[in-house]
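Hi there,

Here is the structure I promised to pass on to you. Have a look at it first, and then read on for what turned up.

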Amino acid sequence: MPYYNFSCYHFTKWVEEDQITQTEFAIIAVLNGVTILPAIILNALVLVSIWRTPALHTPAMVLLGNLALSDFAVGIIAQPVLAAWTALELRASERPHTYCDVATLYGITSTGLGAVSLFSITAVAVDRFLALHLHLRYKAIVTIKKAIVVCAVNWLFAVLSGVWWIIFGVNSFNVILCCVMGICAIIIMASYVNICNVVHQHRNQIQVVPAETSCIESCVPNVSSNIKYRKSVRTSLYIYFAFVLCYIPCFAAFLYYGITADNSRSGFFVKVTTTIVLMNSGINPAIYCWKMKELRCAVRSSAHLLGIFFLGSTLLIMKQKGWM
């Protein structure tokens with residue numbers, strides 16, 4: 001390619017030493033295209049379903065809705081920007097200003113929205129931990145208003161993380177990224193390990209209680225033996241494992257770049273792995289609908305209503321155009 005004579009953060013070196021090829025662009029476009037519609041449609045249905053279903057108005061669902069909101073934003077903003085960024089890189093030297101603007105926008109949106117997902121999954125794990133340990137006090141202490149405040153703070157930190165690498169540089173960002181991901185991973189793992197240990201202890205208590213004695217429910221906290229609670233924990237674990245599988249390659253790519261400063265390979269590695277990260281936004285709502293019956297029924301109902309609305313709108317437009 002002609003020399004890219006324009007300063008644009010670390011993207012300049014990536015374009016000069018590792019410009020994307022047609023084959024690499026096709027790979028990224030296919031991976032991106034597989035989940036962009038599910039990320040938009042399914043997460044929109046999840047958000048609408050939570051909003052219109054009073055039974056789903058709980059702190060846990062607020063946190064889950066916050067994750068769905070970030071995933072929806074990924075599908076409607078980050079994934080199209082990724083497609084534009086990689087397409088522009090094929091001819092970056094012809095439109096250097098445009099390429100730099102889009103690349104920077106992608107860096108901010110993908111980093112910020114990725115941070116929202118990470119913080120939301122961490123908040124969900126902590127919420128399940130509190131539901132177990134607070135037991136009867138949970139509803140009094142963990143309220144919807146407090147969950148909304150947590151979500152607002154989540155987005156504030158996400159915005160700060162999105163612009164961090166612009167202000168302080170990519171090397172500083174890589175260090176902060178590793179530290180934050182490490183701290184969140186420790187919190188999440190500690191929460192679930194503690195939950196599993198307590199639930200296991202309660203199961204052992206149930207086994208040693210004679211069947212002819214008093215009600216088992218009086219011997220152990222209801223929340224630990226509640227099937228709905230255990231299902232919510234399993235669902236959050238599925239979400240966490242999907243998150244880990246999608247984010248580990250990206251984490252490794254940035255770690256590799258931070259250690260080696262290898263511009264000849266890092267560009268493509270980062271593009272592919274961030275594409276995989278964005279694919280997580282289409283996987284999450286599928287997990288919700290698969291594992292959560294109440295939400296699945298609400299989403300089905302919302303889908304029917306939206307289908308009727310779009311069908312009616314289409315017929316009305318066709319009638320106005322004189323096509324009917």
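In what order do the elements of the protein chain run, from the N terminus on? They run α-α-α-α-α-α-α-α-α-α-α. Counted up, the secondary structure comes to eleven helices and zero strands. Please keep in mind that this is a predicted model.

Some figures for the whole chain may help you get your bearings. The protein chain has 324 residues, and 43% of them count as buried. Consider next the contacts between residues at least 6 apart in sequence: 80% of these join residues at least 24 apart.

The UniProt record, an unreviewed entry, places the feature "transmembrane region" at several stretches, including residues 63-85 and 105-126. In the model, residues 63-85 are 100% helix and 0% strand, with 31 Å between the end C-alpha atoms. For residues 105-126 the chain is likewise 100% helix and 0% strand, and the C-alpha atoms at the ends are 31 Å apart.

Helix α3 and its partner

Try finding helix α3, residues 59-89, and helix α10, residues 263-291. Two packed helices are described by the angle between their axes and the distance between the axes. For α3 and α10 the angle is about 150 degrees, and the axes are 9 Å apart. The crossing in which α3 passes α10 is left-handed. On the α3 side, the residues making the contact include Leu64, Leu67, Val74, Leu82 and Trp85, while α10 brings residues including Lys271, Leu278 and Tyr288. Sorted by class, this contact has nine nonpolar, five polar and three charged residues.

While you are on α3, look for Asn66, which lies in this helix. Is Asn66 buried or exposed? Its relative accessible area is 6%, and the cut-off for buried is under 20%, so Asn66 is buried. Setting aside residues up to four places away in sequence, Asn66 touches Val116, Ser120, Cys151, Asn154 and Trp155.

Helix α4 and what follows it

Helix α4 covers residues 96-134, which is 39 residues. From its first C-alpha to its last, α4 reaches 56 Å, close to the 57 Å expected at 1.5 Å a residue. Why can we call α4 largely enclosed by the rest of the structure? The reason is that 29 of its 39 residues are buried.

Asp127 is a residue of α4 worth clicking on. Its relative accessibility is 4%, so Asp127 counts as buried. Which residues is Asp127 in contact with, leaving aside neighbours within four places in sequence? They are Ala60, Leu63, Tyr138 and Val142. You can also check a distance here: Asp127 and Ala147 are 20 residues apart along the chain, and their C-alpha atoms are separated by 9.3 Å.

Just after α4 comes His135, in the loop between α4 and α5 (138-141). What is phi of His135 near? The value is near 55 degrees, which is positive in a residue other than glycine. As for accessibility, His135 has a relative accessible area of 26% and is partly exposed.

To go over it again in the viewer, you could start with α3 against α10, move to Asn66 in α3, and then follow α4 as far as His135, the residue that comes after it.

Happy exploring, and best wishes!

How values were computed:
Residues are numbered from 1 along each chain as its sequence is written. This is a predicted model: local features need pLDDT of at least 70, side-chain atom pairs count only at pLDDT 80 or more; totals for chains, interfaces and linings use all residues. Side-chain values use heavy atoms; hydrogens and water are left out. Axes are lines fitted to C-alpha atoms, for helices over the stretch in contact, and angles run from 0 to 180 degrees between N-to-C directions. Helices (H or I, at least four residues) and strands (E, at least two) are DSSP runs, numbered from the N terminus. A crossing is left-handed if the near helix is turned anticlockwise from the far one by less than a right angle, and right-handed if clockwise. Contact means heavy atoms within 4.5 Å. Ala, Val, Leu, Ile, Met, Phe, Trp, Tyr, Cys and Pro count as nonpolar, Asp, Glu, Lys and Arg as charged, and the others, Gly among them, as polar. UniProt positions are given in the numbering used here, feature names are shortened, and annotations may be inferred rather than shown by experiment. The expected span of a helix is 1.5 Å times one less than its number of residues. Buried means under 20% relative accessible area, exposed over 50%, partly exposed in between (1.4 Å probe, protein chains only).
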